[in-house]
Amino acid sequence: VVPRIAGNTERAKIGACVTQIAAFKNALNRFEVDNGYYPKGQNGLVDLMQQPRDAQNWHGPYLDSDAIPKDQWGNEFVYTCPGKHNPTSFDIVSAGPDGQMDTDDDIGNWTKK
């Protein structure tokens with residue numbers, strides 16, 4: 001029984017992570033509509049919560065939380081713009097259950113889980 005429950009728990013965490021990435025995508029797209037560009041660099045998620053100096057039409061905060069959420073395993077999401085997988089927009093990725101980037105269990109806005 002324990003392995004089955006553990007498997008269900010991990011699937012639920014993966015599903016919640018995919019949902020969080022979708023929420024980031026929505027917030028980033030709203031930022032882009034307002035400002036004409038996606039936040040640049042690796043700290044771009046901060047721009048969803050705090051107005052950057054060059055964002056004259058910023059109408060945030062764009063997330064409903066008080067802080068940038070971590071993934072379901074307690075790790076930071078990694079945001080890059082332009083993205084390696086999405087060169088005309090951005091990549092956002094969780095290291096997934098193993099907590100290690102660039103492994104098979106990574107969950108990004110270009111992967112299907």
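This report covers the aromatic pairs and two buried residues of a predicted model.

**Aromatic pairs**

The structure holds six aromatic pairs. One of them joins phenylalanine 24 and phenylalanine 77. Their ring centres lie 5.1 Å apart, and their planes meet at 75 degrees. Planes over 60 degrees apart count as edge-to-face, so this pair is edge-to-face. The two partners come from distant parts of the chain, 53 residues apart. Phenylalanine 24 sits in helix α1, whereas phenylalanine 77 sits in the loop between α1 and β1. Both phenylalanine 24 and phenylalanine 77 are buried.

Another pair brings together phenylalanine 31 and tyrosine 62. Here the ring centres are 5.7 Å apart. The planes stand at 65 degrees, so this pair is edge-to-face too. Phenylalanine 31 belongs to helix α1 and tyrosine 62 to the loop between α1 and β1, so the pair ties together parts 31 residues apart in sequence.

The two pairs are set out below.

| Pair | Centre distance | Plane angle | Separation in sequence |
|---|---|---|---|
| Phenylalanine 24 and phenylalanine 77 | 5.1 Å | 75 degrees | 53 residues |
| Phenylalanine 31 and tyrosine 62 | 5.7 Å | 65 degrees | 31 residues |

How buried is the second pair? Phenylalanine 31 has a relative accessible area of 0%. Tyrosine 62 has 4%. Residues under 20% count as buried, so phenylalanine 31 is buried, and so is tyrosine 62.

Phenylalanine 31 and tyrosine 62 also belong to a cluster linked by ring pairs. Its other members are Tyr37 and Trp58.

**Methionine 49**

Methionine 49 lies in the loop between α1 (2-35) and β1 (78-80). Is this residue buried or exposed? Its relative accessible area is 18%, so methionine 49 is buried. Which residues does methionine 49 touch, beyond those up to four places away in sequence? They are Trp58, Pro61, Leu63, Ser65, Asp66, Ala67 and Ile68. Trp58 is thus a contact of methionine 49 and a member of the ring cluster.

Methionine 101 is 52 residues away from methionine 49 along the chain. The C-alpha atoms of these two methionines are separated by 25 Å.

**Serine 89**

Serine 89 is placed in the loop between β1 and β2 (91-94). With 17% relative accessibility, serine 89 counts as buried. Neighbours within four places in sequence aside, serine 89 is in contact with Tyr38, Cys81, Pro82 and Gly83.

Technical notes: Residues are numbered from 1 along each chain as its sequence is written. This is a predicted model: local features need pLDDT of at least 70, side-chain atom pairs count only at pLDDT 80 or more; totals for chains, interfaces and linings use all residues. Side-chain values use heavy atoms; hydrogens and water are left out. Helices (H or I, at least four residues) and strands (E, at least two) are DSSP runs, numbered from the N terminus. Buried means under 20% relative accessible area, exposed over 50%, partly exposed in between (1.4 Å probe, protein chains only). Contact means heavy atoms within 4.5 Å. Rings of Phe, Tyr and Trp (its six-membered ring) pair if their centres lie within 6.5 Å; planes under 30 degrees apart count as stacked, over 60 as edge-to-face and the rest as tilted.
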